[in-house]
Amino acid sequence: MENKFFAVTAKCGYVGRHQYYEGKFFVQALTASEAAGIVRFMPRVKKHHRDAILEVRQVAYEEYLVGAEEYRNNPYFKCKSKWQQRQVLEQIKPHLRPETDLQNERRFIKNRTGKPPSYIRPKHKKPYKRERFLWCDYLEVQNG
């Protein structure tokens with residue numbers, strides 16, 4: 001099979017809480033799903049988000065070359081640290097988008113474990129059956 005050229009739009013991170021950078025990647029692959037898989041594991045892409053890949057479309061070779069050059073000159077993808085990113089923040093701002101409700105809801109559910117925090121849990125072990133009456137008496141004395 002012959003390789004095709006794809007423009008893949010993906011969510012990129014490291015731009016603040018509940019935001020993402022809409023980055024465009026140009027890759028060469030056999031199918032659109034393979035192109036999406038390649039982009040998902042590129043640097044700065046939100047790999048663990050289910051909806052990280054926003055769009056995949058096939059492009060001509062000339063558009064691929066122009067897009068690849070844009071990618072190399074993009075200030076967001078040139079940054080290697082947070083302070084470098086802050087210096088080019090004005091150029092990055094037009095591409096920042098608020099996070100979708102799907103991701104915010106998922107994050108909320110994931111962080112709720114259903115267990116009470118450690119400071120609420122009792123520090124003592126559950127007594128054996130034969131010691132239960134003695135333990136209940138001990139707790140009554142302690143609680144007053």
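## Tyr14 and the first hairpin

Tyr14 sits in the loop that links strand E1 (4-12) to strand E2 (19-29). The model is predicted. Tyr14 is not a glycine, yet its phi is positive, at about 65 degrees. The loop belongs to the hairpin of E1 and E2, which has six residues between the strands. Is Tyr14 buried or exposed? Its relative accessibility is 60%, so Tyr14 counts as exposed. The cut-off for that class is over 50%.

## Strand pairing around E1

E1 pairs with two strands, taken here in turn. With E2, the pairing is antiparallel and runs over nine bridges. Phe5 marks one position in this pairing: the residue opposite is Gln28 in E2.

With E3, E1 again pairs in the antiparallel sense, over six bridges. Here Ala7 has Arg57 of E3 as its bridge partner. How much of E1 is buried? Eight of the nine residues of E1 are buried, and the strand is mostly covered.

## Helix H1

Four residues of H1 need a closer look. Ala35, Ala36, Val39 and Arg40 are the buried residues of this helix. Viewed down the axis of H1, they fall within an arc of 135 degrees, so they line one face of the helix. E1, E2 and E3 are among the elements that cover these buried residues of H1.

## Arg44, after H1

Arg44 lies in the loop between helix H1 (32-40) and strand E3 (53-59). Arg44 is not a glycine, but has a positive phi of about 75 degrees. Is Arg44 buried or exposed? Its relative accessibility is 15%, so Arg44 counts as buried. The limit for a buried residue is under 20%.

Tyr14 and Arg44 can be set side by side. Tyr14 has a positive phi of about 65 degrees, and Arg44 has one of about 75 degrees. Tyr14 counts as exposed at 60%, whereas Arg44 counts as buried at 15%.

## Helix H2

H2 covers residues 61-73, a run of 13 residues. What span should these residues have? At 1.5 Å a residue, they should span 18 Å. The C-alpha atoms at the ends of H2 are 19 Å apart, which agrees with that expectation.

Which residues of H2 are buried? They are Tyr64, Gly67 and Ala68. Seen down the axis of H2, these buried residues fall within an arc of 105 degrees, so they line one face of the helix. The cover over them includes E1, E2 and E3. The other side of H2 carries exposed residues: Glu62, Val66 and Glu70.

E1, E2 and E3 thus appear in the cover of both helices. They are included in what covers the buried residues of H1, and they are included in what covers those of H2.

## The largest pocket

The largest pocket holds about 190 Å³ of space. Its lining comprises 13 residues. Which of them lie nearest the centre of the pocket? They are Glu22, Gly23, Lys24, Asn74 and His95.

Which element gives the most to this lining? E2 does, with five residues. E2 and H2 each supply at least two residues of the lining. E2 therefore has two roles in this account: it pairs with E1 over nine bridges, and it contributes five residues to the lining of the largest pocket.

Conventions: Residues are numbered from 1 along each chain as its sequence is written. This is a predicted model: local features need pLDDT of at least 70, side-chain atom pairs count only at pLDDT 80 or more; totals for chains, interfaces and linings use all residues. Side-chain values use heavy atoms; hydrogens and water are left out. Buried means under 20% relative accessible area, exposed over 50%, partly exposed in between (1.4 Å probe, protein chains only). The expected span of a helix is 1.5 Å times one less than its number of residues. The arc is that of the directions from the helix axis to the C-beta atoms. Contact means heavy atoms within 4.5 Å. Two strands pair if DSSP finds at least two bridges between them. On a 1 Å grid over the protein atoms alone, a cavity is a set of points where a 1.4 Å probe fits but cannot get out, and a pocket is an open set with protein on both sides within 12 Å along at least five of seven lines; lining residues have an atom within 4 Å of a point. Grid points are joined across faces, edges and corners, and a volume is the space filled by probe spheres set on the points.
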